[in-house]
There are 4 protein chains.
Amino acid sequence: MAGSTFGTIFRITTWGESHGKGIGVIVDGCPAGIPLTEADIQPFNDRRRPNAGKMSTKRKEPDAVEILSGTFEGKTTGTPISMLIRNTDQHSTDYSNIMNIYRPGHADFGFDTKYGFRDYRGGGRSSGRETAGRVAGGAVAMQLLKQLGISFRTEVLIGGIPAENALELLDECRSKGDSVGSTVKCTVSGVPAGLGDPVFEKLDANLAKAVFSIGAVKAFEIGDGCSVSLSRGSENNDSFVPGENGPETVTNHAGGILGGFSSGSDLVLTAHFKPTPSISLPQQTVNREGKVEEIIIKGRHDPVIGPRAAVVVECMTALVLADALLLNMTATMDGIRRFYLS
Amino acid sequence: MAGSTFGTIFRITTWGESHGKGIGVIVDGCPAGIPLTEADIQPFNDRRRPNAGKMSTKRKEPDAVEILSGTFEGKTTGTPISMLIRNTDQHSTDYSNIMNIYRPGHADFGFDTKYGFRDYRGGGRSSGRETAGRVAGGAVAMQLLKQLGISFRTEVLIGGIPAENALELLDECRSKGDSVGSTVKCTVSGVPAGLGDPVFEKLDANLAKAVFSIGAVKAFEIGDGCSVSLSRGSENNDSFVPGENGPETVTNHAGGILGGFSSGSDLVLTAHFKPTPSISLPQQTVNREGKVEEIIIKGRHDPVIGPRAAVVVECMTALVLADALLLNMTATMDGIRRFYLS
Amino acid sequence: MAGSTFGTIFRITTWGESHGKGIGVIVDGCPAGIPLTEADIQPFNDRRRPNAGKMSTKRKEPDAVEILSGTFEGKTTGTPISMLIRNTDQHSTDYSNIMNIYRPGHADFGFDTKYGFRDYRGGGRSSGRETAGRVAGGAVAMQLLKQLGISFRTEVLIGGIPAENALELLDECRSKGDSVGSTVKCTVSGVPAGLGDPVFEKLDANLAKAVFSIGAVKAFEIGDGCSVSLSRGSENNDSFVPGENGPETVTNHAGGILGGFSSGSDLVLTAHFKPTPSISLPQQTVNREGKVEEIIIKGRHDPVIGPRAAVVVECMTALVLADALLLNMTATMDGIRRFYLS
Amino acid sequence: MAGSTFGTIFRITTWGESHGKGIGVIVDGCPAGIPLTEADIQPFNDRRRPNAGKMSTKRKEPDAVEILSGTFEGKTTGTPISMLIRNTDQHSTDYSNIMNIYRPGHADFGFDTKYGFRDYRGGGRSSGRETAGRVAGGAVAMQLLKQLGISFRTEVLIGGIPAENALELLDECRSKGDSVGSTVKCTVSGVPAGLGDPVFEKLDANLAKAVFSIGAVKAFEIGDGCSVSLSRGSENNDSFVPGENGPETVTNHAGGILGGFSSGSDLVLTAHFKPTPSISLPQQTVNREGKVEEIIIKGRHDPVIGPRAAVVVECMTALVLADALLLNMTATMDGIRRFYLS
């Protein structure tokens, strides 16, 4: 099944495994005339990239993004934008011990069951490294959104603690060989009202898919999220008031989405990530032959996923918004007449 | 934008508004040879249908499903299955007071912003009644799943209380003209391992979209859901043990999905619904001209969404699983050889 | 496989068999605000409908189109437009003799091979009657095109003779129990330049698929078509000259398409239809058990396909153009800025 | 619009311009377990590549294909296969004279109209060089088809003359600075019966789109093609006879497709290519400002398209067949039961 493509008009296709020759993405359907060079992309990939900080693995890859097509004289041309990130720091031998074993919390068993075998080197296609392609693609969407004044603000919690205060917790995890869960909350300002659709292509439905397609996400919330199930209608409804550019809401329990359409209020979405499944504590599992084995996962693994995944959440959100912005342009006969007859 | 279609191979397209001539669905891509008559569909639609019970509106529609095509001598033929549910109980006059007003918590404002105007009668396309088509379509998927021994179990909480114990809470809401939130938890047994995909078409990503496309859903969880963000890897990982038909997990924090693939354990998903936005308490809002108005929503409205939405959650889940089951058949050259050369 | 949907943004899904309860279509993604009533649709379906004339079968169906959803106060609302045409004139018994036999030139064998069995009544899903849904859907696209001043002109040849002069030939076919091939040439004026795409979604590629998806089409040509293979570049290239609204070509060998984009010249496309495969002359074939049988096909069958198919060619063309018009609106950042920021 | 992707399950996405850094393709949805190395791909790209022969340009590019992902130990893994062909032989300066001019017979005008500007170097995205990506992708499909015993045979006519006899004609074109049209006829043996679909996804409809998406194609025929419009039903119908593996036809007017399904007979398709539009004879045209200019196109251009396009026709055909083969595996409940329950 062709599962590596995301989006309808503004669309990305990613490829690559953690230990192959590289990772990449094709952005197709990007409008012509958007200023774009590698310098617009790289900062996003730098945020996703492992660094020497306390929160992430020591693996050091430059993750330099090369644009191979789709731009001309510093602008997008409307043709597919191919971007390549070479893999440079590979130690395949680190992974030989997991070749025939199903790591708990990982996709290994699923791969073998579906495909009959797998590229067992470092997670292969299921590696977090796959998201480097999404981020490069999402960075192009970000360029489009920036032109319309749309901006992002993201907060990360680690085990319930704001990321900047969680160093002690992370040290503890690292010293024990354990890991911890995390939360990424993303707020988007400047989204025009009316984006989305009333049925299957609700804006929140597409955001839910986009964010849930990031590895290790186990819950997704819009606005007040889970807590709405304990709320009353009289509390939860956001009253409309007149605003400068049309109706506004004072409260924002809805997180910026009503009936599948953006409301013009800030878009507020939250993703919950499970703890990194690769831990160095001993775990019981089975091997390909169905025999019980104990596994101790070596190698460099982040003890928490959220800090590096934050930019992936932003980028997947940007892709959904770019697509919705394009699709909405075709919604009325008046708009068509203006485009073709004036 | 064409937003009324869901699925890749096993695919439904719904149509209809609450106060038009009817509601319907086309199921396309359904395999040939599945036993199917209206008697297989109707029980699902009867669960979604309003009834005279304490939990739902007094509107009484038979919601009789008519199969118009795609079956022959009691079996599906592989051609599109068109199903029609006529609207019979319409009181358009009930809705005239909301014609020029944006109801808080509703899609009215989004519709007007995107399309320039709207069918203001009873929610139009955004009415909960649209889900009658999804349920009829999902019931066909259920017939397919039943042939493979896949079964569903669903629990509903109302304001945090099990639905069967929440009568007092509902009476309170009804007497106050208020509404309350709810939770639908769906457990699916018998799902084969390996369904899904490692990147954008993760099984959980498609389930997230499917469930979030149901009106009023504000959060979606798989397995332990939000609480994973507070958990440790050593707790959250489900150890594998040898099972009768391959590896199994004793615990199921993952809710039956690992790395985007089904694991063979029970699939566990939870949807959180906001309180019904239509309440009869007075609310402040603005009208189409941007003037402040007070609104009191009349008409027959359920004080809670979960009880009737439970079957919609099941049906959307069934549609995702049917599609994933079909797609997985094409995953290996060995499978192709067996199909064509033996 | 879900093969009953056509189009990306402006999209139709058809359903129905010749001898089921009816035929129908869902138009999804149609912009809001297009004037539309049944009176806009019916004339197209009347052209497709069998009539008592010399050229077509004597079967008389009113083919009355009923709009079930998606319009409000005489305009499209942006939600799916469902249309239903009830089957009224069925004589299933006419077809009992073909139940276990593979008719030469028909889909019977393909259906049995793919699906294991088939609805053998009158062609089932493969009946020409399926195109009633396409025509109703295409008529909606025609309403959109009409607003932009795009118009159609269609000529039909029967066995190489202009349709209006072919009565003698048809009488001969009818008296012999034979049938004859035909050609439909469609010229579309007023198509804006620049519609289409340079690679897989070339405007001509989508037209080719659209027209080849009509039963009995065996060849498709744009502009000079087959004869270009004998031409020289110096003859075939259409020189540009300055025109009132930009570059124009004096000649139109290209048939209005250059490199996958419309050129602004008339779009000229030609479809070649095989003779009706249902003939009453005796033919040799085999049955489901693989035994040789002689077959004489009874019933009312047109001796030629083109005259009734002409409107289907137009409607499929209209669907491709409507979709391309919508997609092109999203092609530039300048267009996006104009739409959202002004 | 995202127009660079082709296929539903077995799907390719191409990228690249003639004068950028390279050309490439992602094959997504390819089943796992197909033997695949660069040595399986290169021979196809070598056939497409310009060589020093009489029939093609003197531009010499090695067109070496590099597989970047999706294989492991010499087999496909089920994950996307990314392939890269670096551009090595670029003389951008050759093209500076066409920067502001619309070449007759080219996509230049369409590009400017749709996107507002274009990468004018050597055709950009519309260059024949884009097909290098399709061929690499099609070569993977060929590997799949080979496993099932499906084989191709292709004939080329140049100006109506078999390619091997057309040297004199080509010399004449070259010496005059002119070009000539061509025909590619492709016969595929071993295609199983029943592939395809009865409505929009007819096998021939998808082949028509696939082949018409190749630049310069102006007509497409299946079997007897255009000539069916002059034929009688009694001549055109192919009678069935009992065969070793089920019904067969003795004649094959239908070219191996009946009612949208493969019939098991040889698939016969013909594409007609216009003469190369780049000729060195002086031509009249207009520039971007709408002024008349004379243009003489320099550079290295083949005087005929068919010989190098033949492998592109084969590869696009292979892609359609691979996709149809996968889709057909999901057509019956019996097949699903066999796959999951045995």
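Here a visitor and a guide talk through how the chains of this predicted model fit together.

Visitor: How do you know that chain D and chain C are related by a two-fold axis?

Guide: Lay chain D on chain C: a turn of 180° does it, with a shift of 0.0 Å along the axis and an RMSD of 0.0 Å. That is the relation of a two-fold axis, so the name fits.

Visitor: What makes you say that the copies, chain D and chain C, meet through the same surface?

Guide: Look at who takes part: 100% of the interface residues of chain D are interface residues in chain C as well, so the copies use the same surface. The contact takes 101 residues from each of them, chain D and chain C. Together these two chains bury about 8,100 Å², with 64% of that on carbon and sulfur atoms.

Visitor: Why is the meeting of D:Lys114 and C:Asp197 called a salt bridge?

Guide: The rule asks for a side-chain nitrogen of Lys or Arg within 4 Å of a carboxyl oxygen of Asp or Glu. For D:Lys114 and C:Asp197 the N to O distance is 3.2 Å, so the pair passes the 4 Å cut-off and earns the name. The count between chain D and chain C is six salt bridges, and 43 residue pairs are in polar contact there, both residues at pLDDT 80 or more. As for residue types, the side of chain D that touches chain C has 45 nonpolar, 39 polar and 17 charged residues.

Visitor: What makes strand 11 of chain C and strand 11 of chain D a pair?

Guide: Two strands need at least two bridges between them to count as paired. These two, residues 217-222 in each chain, have three bridges, so they qualify, and they run in the antiparallel sense. You can find C:Glu221 opposite D:Ala219 there.

Visitor: How do you know how chain A and chain C are related?

Guide: Chain A goes onto chain C by a turn of 180° and a shift of 0.0 Å along the axis, with an RMSD of 0.0 Å. In chain A, the C-alpha nearest the axis belongs to A:Met329, 3.5 Å from it. Here too one surface serves both copies, as 100% of the contact residues of chain A recur in chain C.

Visitor: Which residues of chain A lose the most area to chain C?

Guide: Chain A and chain C bury about 2,400 Å² between them, 73% of it on carbon and sulfur atoms. On the chain A side, A:Met329, A:Met333 and A:Tyr340 lose the most, together 29% of what that side buries. The elements giving two or more residues to this side are helix 3 (131-147), helix 7 (306-328) and helix 8 (333-341) of chain A. Helix 8 of chain A has the largest share, eight residues. By type, this side of chain A divides into 19 nonpolar, six polar and two charged residues.

Visitor: How many salt bridges are counted between chain A and chain C?

Guide: Zero, though eight residue pairs are in polar contact, both at pLDDT 80 or more.

Visitor: What makes strand 1 and strand 4 of chain B edge strands?

Guide: They belong to an open, antiparallel sheet of five strands in the order 1-2-3-7-4 in chain B. Strand 1 (5-6) and strand 4 (66-67) each pair on one side only. Strand 4 of chain B is joined to strand 7 (residues 81-86) by two bridges, so this link just meets the minimum of at least two. B:Glu66 has B:Leu84 in strand 7 as its bridge partner.

Methods. Residues are numbered from 1 along each chain as its sequence is written. Chains are lettered from A and ligands numbered from 1 in the order in which they are written. This is a predicted model: local features need pLDDT of at least 70, side-chain atom pairs count only at pLDDT 80 or more; totals for chains, interfaces and linings use all residues. Side-chain values use heavy atoms; hydrogens and water are left out. Copies are superposed by least squares on the C-alpha atoms of residues with pLDDT of at least 70 in both. Contact means heavy atoms within 4.5 Å. Buried area is the accessible area (1.4 Å probe) that two parts lose on being put together, summed over both. A polar contact is a pair of N or O atoms within 3.5 Å; within protein, one must be able to donate a hydrogen and the other to accept it, and residues adjacent in sequence count only if both atoms are side-chain atoms. Helices (H or I, at least four residues) and strands (E, at least two) are DSSP runs, numbered from the N terminus. Ala, Val, Leu, Ile, Met, Phe, Trp, Tyr, Cys and Pro count as nonpolar, Asp, Glu, Lys and Arg as charged, and the others, Gly among them, as polar.
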